[in-house]
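Grab a coffee and work through these short exercises with the model open. Each one gives a task and then a stepwise solution.

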Amino acid sequence: DQYGRVTEWMGATTDIHDRHESEQRVKEVSETLRFHLENTPLAAIEFSTPECRVTRWSPRAEEMFGWSAAEIVGRRLDEIPWVYADDVLKVRTLSEQMVAGGLKQCVQSNRNYTRDGGVIDCEWYNSVRLGRDGAPSSVFSLVLDVTDRVASRNALSQSETRLRRLIECSIFGVALGDFQGGIRYANDALL
């Protein structure tokens, strides 16, 4: 009024319940994904496209490869000395295909160097995320260290090779038969 006292007031309210619930759900999903990424037994690594810069480097990636996230995040793939020399061309070719949008997902096996100069055999499970424009916006990789599996497979192969040589060079006749009475293999001594 004329004396500066409030005689009426007017207010407006907006129901933000739905927005608050949506924000809570996004927060929960984000926390869940972060938890799983930080606790998976696989290394989780994300690259931006098209420059292939590391944008995510999980704790398991730190353990597996030896570099900390602080040392790796922000660096381009070709700036990290971790692809085994004989596998560089294969990795580069596949990376180019993913960045160009030619592959949506793929699995590859290659060897990688660790920070201390060791070599590990890895399986890379890659997926490409497309942006709204349909162009690749990121590549996400889950990496499994299969060094022990490869070593076991190689040891088994070497053992089989030695046994085969022993049988083939033996002065004793050796045959391998099936349950129908047929001979599937016979060494020279038996023949």
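**Exercise 1.** Which elements of the chain have the lowest and the highest mean pLDDT?

*Solution.* Keep in mind that this is a predicted model. Start with the whole chain: the average pLDDT is 89, and 100% of the residues score at least 70. Now go element by element: helix 1 (residues 17-39) sits at the bottom with a mean of 85, while helix 3 (residues 69-72) tops the list at 96.

**Exercise 2.** Work out whether Arg 149 and Glu 123 form a salt bridge, and say how exposed each partner is.

*Solution.* Step one, check the distance: the closest N and O atoms are 2.8 Å apart, and the cut-off is 4 Å, so the pair counts as a salt bridge. Step two, place the partners: Arg 149 belongs to helix 5 (residues 147-169) and Glu 123 to strand 4, so to speak distant parts of the chain, 26 residues apart. Step three, exposure: Arg 149 has a relative accessible area of 42%, so it is partly exposed. Glu 123 comes in at 13%, so it counts as buried.

**Exercise 3.** Take Arg 60 and Glu 63: how far apart are they in helix 2?

*Solution.* They are three residues apart in helix 2 (residues 59-65), which means about one helical turn separates them. Their closest N and O atoms are 3.5 Å apart, and they form a salt bridge. Arg 60 is partly exposed at 22%, whereas Glu 63 is exposed at 59%.

Terms used
Residues are numbered from 1 along each chain as its sequence is written. This is a predicted model: local features need pLDDT of at least 70, side-chain atom pairs count only at pLDDT 80 or more; totals for chains, interfaces and linings use all residues. Side-chain values use heavy atoms; hydrogens and water are left out. pLDDT is the predictor's confidence in each residue, from 0 to 100. Helices (H or I, at least four residues) and strands (E, at least two) are DSSP runs, numbered from the N terminus. A salt bridge is a side-chain nitrogen of Lys or Arg within 4 Å of a carboxyl oxygen of Asp or Glu. Buried means under 20% relative accessible area, exposed over 50%, partly exposed in between (1.4 Å probe, protein chains only).
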